[in-house]
Amino acid sequence: KQLKKAYNAKLVIIDSNGLGCGLVDKLLEDTTDPLTGENLGCWDTINTDEEPEIEGSEKCVYSFKATGQMKKIIPAFIDCISSGTLRLLQKKNDADFTGIPTEELIEKAQPYLQTDALIEEITNLKLVVASNEFKMEKIVKRMNKDRVSALQYLIYIIIKKEKENIINSKKSDTDLSEYMSKMKRNETRKMNNKYSSNPSKI
């Protein structure tokens, strides 16, 4: 919740399989920072029937179950990389941070360090296709792939939401077109009725 506030995020995607299920439950509770006493609020999901502790809470949690979705998630991820749609921060040298005060250094360098770690995770993966299912397996088992998984889920949800928006937009355009056609028919009907009842005005 602190991270969402810090980055002014609109959506928080949670892999709700396993331990993630309990995390979703906690996010739907009213929370107070134990160190500062700051109220961090109560959230609600946008895609489930789960009820938050406080009615009317902000709908910002996307409860996502990745199991069974990898055959869609992985191709979307690969396509984003190969097409150049995914754009990462350019690598920085140590010299680029020379002269920056120590208290600012960590904050300024952190995005680049995380990008480097993400690239290392990606290069440590190999694509495995078996029984029409896609998997990304680690080459060096001791390295994690948390950043890759988080990015994969994010890309998949963005694409999914974009498609939904396009469908809704087309539906809205169709509804507007139908509404305008209906208005024209009504106007024509009124004019016909007017002249039918007053033939002298024709």
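**Salt bridges and a surface patch**

E29 is partly exposed, with 31% relative accessible area (buried is under 20%, exposed over 50%, partly exposed in between; 1.4 Å probe, protein chains only). This is a predicted model in which local features need pLDDT of at least 70 and side-chain atom pairs pLDDT 80 or more, while totals for chains, interfaces and linings use all residues. Residues are numbered from 1 along each chain as its sequence is written, and side-chain values use heavy atoms, without hydrogens and water.

Student: Which residue forms a salt bridge with E29?

Tutor: Happy to help! A salt bridge here is a side-chain nitrogen of Lys or Arg within 4 Å of a carboxyl oxygen of Asp or Glu. For E29, the closest N and O atoms are 3.1 Å apart, and the partner is K26.

Student: Is K4 buried or exposed?

Tutor: Start with its surroundings: beyond neighbours within four places in sequence, K4 is in contact (heavy atoms within 4.5 Å) with A9, V12, W43, E58 and C60. E58 also forms a salt bridge with K4, with the closest N and O atoms 3.0 Å apart. The relative accessible area of K4 is 14%, so K4 is buried.

Student: How many residues apart in sequence are D44 and K59?

Tutor: These two form a salt bridge, the closest N and O atoms being 3.1 Å apart. D44 lies in strand β4 and K59 in strand β5 (strands are DSSP runs of E, at least two residues, numbered from the N terminus), so the pair ties together parts whose separation in sequence is 15 residues.

Definitions and conventions
Helix = DSSP H or I, 4+ residues; strand = E, 2+ residues; numbered from the N terminus.
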